[in-house]
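Here are my comments on the model you sent, set out as numbered points. Please read them with the coordinates open.

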2 protein chains.
Amino acid sequence: MAHITLPPGLQGIRGPMAFRPETAKPLNELVEVLLHAPNSLTPGERELIATYVSYLNDCYFCQTVHGFIASAHLDEDEELVRRVKADFQYADISPKLKTLLVIAGKVQRGGKHVTAADVEQARAAGATDIEIHDTVLIAAAFCMYNRYVDGLATWQPQEEDLYRERGKRTAREGYVTVSRDYIPQPTPTTV
Amino acid sequence: MAHITLPPGLQGIRGPMAFRPETAKPLNELVEVLLHAPNSLTPGERELIATYVSYLNDCYFCQTVHGFIASAHLDEDEELVRRVKADFQYADISPKLKTLLVIAGKVQRGGKHVTAADVEQARAAGATDIEIHDTVLIAAAFCMYNRYVDGLATWQPQEEDLYRERGKRTAREGYVTVSRDYIPQPTPTTV
């Protein structure tokens with residue numbers, strides 16, 4: 001049972017987002033810019049970073065839903081998502097993404113773990129400053145989302161099928177659009 | 001030196017916020033809602049939670065600037081801020097805030113550390129569901145901001161005086177307003 005009374009029937013982060021629309025708005029806008037907006041890193045690459053960090057933080061809801069959003073972007077390759085979580089150095093992803101996942105894993109432990117050598121390796125593999133920036137912020141942001149979801153003990157049913165279709169839809173439509181389904185919208189003021 | 005090339009002369013989070021205005025916008029809106037907007041927890045109480053979590057994450061920039069924002073809200077009581085960091089159970093703060101700081105400290109370690117008993121204690125001390133929610137999200141959010149600031153190795157000069165006046169101004173005007181000083185604003189489209 002969640003630590004506070006949340007709207008019923010909403011999994012994971014959706015419960016507290018519906019409970020507190022004022023904070024849900026910037027939380028959804030942040031993840032939209034980081035994971036869904038146009039970027040030189042593909043949505044699939046960015047979702048893999050989010051999934052990997054959520055796995056390191058042992059957040060069932062986030063690693064599952066973002067894992068399915070990632071695979072929706074990656075030709076439904078759910079096995080690739082599992083390999084990235086298990087040992088990304090042996091997964092079929094680009095050398096550049098491997099260097100970014102190293103940085104993301106360091107950020108998960110704490111910002112000061114990232115070294116100049118880690119960043120140099122990413123740059124040598126072709127990463128730009130903005131890609132390094134976004135990797136650090138995606139990893140940092142999921143250290144927030146994961147703690148938010150688990151710190152309130154939100155409802156996280158453990159059947160993967162409950163997450164797959166929703167992941168596909170979020171991959172297509174983005175976070176802000178999908179969030180309108182479950183977050184109460186402000187009533188327009190009548191003049 | 002920061003890991004990526006950031007606009008010069010901007011301390012801590014201000015550098016990457018000026019570098020990437022698209023993510024700065026939701027990051028500032030989130031902290032504005034959590035720490036500055038009207039709330040049954042005072043701004044001073046909420047800034048103490050942010051300062052405490054930033055201290056636990058060993059982020060010099062965030063614990064210093066939010067420490068000064070907190071003291072600006074608390075009759076300039078900088079000693080109180082130091083005591084909260086050193087051992088909040090002996091600080092002159094309300095029993096309710098002590099229970100919320102316990103929860104915040106658990107969130108800093110990971111969301112699953114928060115127990116039903118922690119939440120029950122907060123409720124017994126008078127905390128509402130929304131106050132518990134906001135405490136969890138403030139703590140989670142500072143696990144993000146701290147990692148963002150340190151994961152990019154931002155410039156953080158170690159002279160407290162450089163932070164005091166800025167803290168007072170942010171306490172008065174809020175995050176979104178102050179951020180307009182250093183974040184490039186989108187150019188209006190000419191029709």
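1. In which helix of chain A is the place of A:Pro26? A:Pro26 sits in helix H2 of chain A, which covers residues 21–36, and the reader should keep in mind throughout that this is a predicted model. With a relative accessibility of 4%, A:Pro26 counts as buried, and, leaving aside residues up to four places away in sequence, A:Pro26 touches B:Pro26, B:Glu29 and B:Leu30. From A:Pro26 to A:His73 there are 47 residues in sequence, and the C-alpha to C-alpha separation of the two is 24 Å.

2. The corresponding element of chain B deserves a look next. Helix H2 of chain B, residues 21–36, is mostly covered, since twelve of its 16 residues are buried. Among these buried residues of H2(B) are B:Pro26, B:Glu29 and B:Leu30, which are also the residues that A:Pro26 touches, and the list further includes charged and nonpolar side chains such as B:Glu32, B:Val33 and B:Leu34.

3. On salt bridges, a search of the whole structure finds 36 over all chains. One of them pairs A:Glu79 with A:Arg82, whose closest N and O atoms are 3.2 Å apart. These two residues of helix H5 of chain A are three residues apart, so about one helical turn separates A:Glu79 from A:Arg82. Residues three or four places apart in an α-helix point the same way, because there are 3.6 residues a turn. Both partners are partly exposed, A:Glu79 at 37% relative accessibility and A:Arg82 at 43%.

4. Which residue of chain B forms a salt bridge with A:Lys112? The partner is B:Asp58, and the closest N and O atoms of the pair are 3.6 Å apart. Because A:Lys112 lies in the loop between helix H6 (95–109) and helix H7 (116–124) of chain A, while B:Asp58 lies in the loop between helix H3 (43–56) and helix H4 (60–73) of chain B, the pair joins two chains. B:Asp58 counts as partly exposed, at 47% relative accessibility.

5. Within chain B, B:Arg164 forms a salt bridge with B:Glu78, with 2.8 Å between the closest N and O atoms. B:Arg164 belongs to helix H9 (residues 161–173) and B:Glu78 to helix H5 (residues 78–87), so this pair ties together parts of chain B that are 86 residues apart in sequence. A further group, A:Lys25, A:Glu29, B:Lys25 and B:Glu29, is joined into one network by salt bridges that share partners.

6. A negative surface patch is formed by A:Asp75, A:Glu76, A:Asp77 and A:Asp92. A:Asp77 is placed in the loop between helix H4 (60–73) and helix H5 (78–87) of chain A, and A:Glu76 lies in the loop between H4 and H5 as well. Both count as partly exposed, A:Asp77 at 32% relative accessibility and A:Glu76 at 41%.

7. Two backbone angles should be checked by eye. Most residues other than glycine have a negative phi. A:Glu76, however, has a positive phi near 60 degrees, and A:Ala153 likewise has a positive phi, of about 55 degrees, although it is not a glycine. A:Ala153 lies in the loop between helix H8 (129–151) and helix H9 (161–173) of chain A, where it is partly exposed, with a relative accessible area of 24%.

How values were computed. Residues numbered from 1 in each chain as written. Chains lettered and ligands numbered in written order. Predicted model: local features only at pLDDT ≥ 70, side-chain atom pairs only at ≥ 80, totals over all residues. Heavy atoms only, no water. Patch = residues over 30% accessible without salt bridge, like charges linked within 9 Å, V, L, I, M, F, W, Y side chains within 5 Å. Areas by Shrake-Rupley, 256 points an atom, 1.4 Å probe, with all protein chains shown as cover. Salt bridge = Lys/Arg side-chain N within 4 Å of Asp/Glu carboxyl O. Lys, Arg positive; Asp, Glu negative; His and termini not counted. Charge placed at Lys NZ, Arg CZ, Asp CG, Glu CD. Helix = DSSP H or I, 4+ residues; strand = E, 2+ residues; numbered from the N terminus. Buried < 20%, exposed > 50% of the residue type's maximum accessible area, 1.4 Å probe, protein only. Contact = heavy atoms within 4.5 Å.
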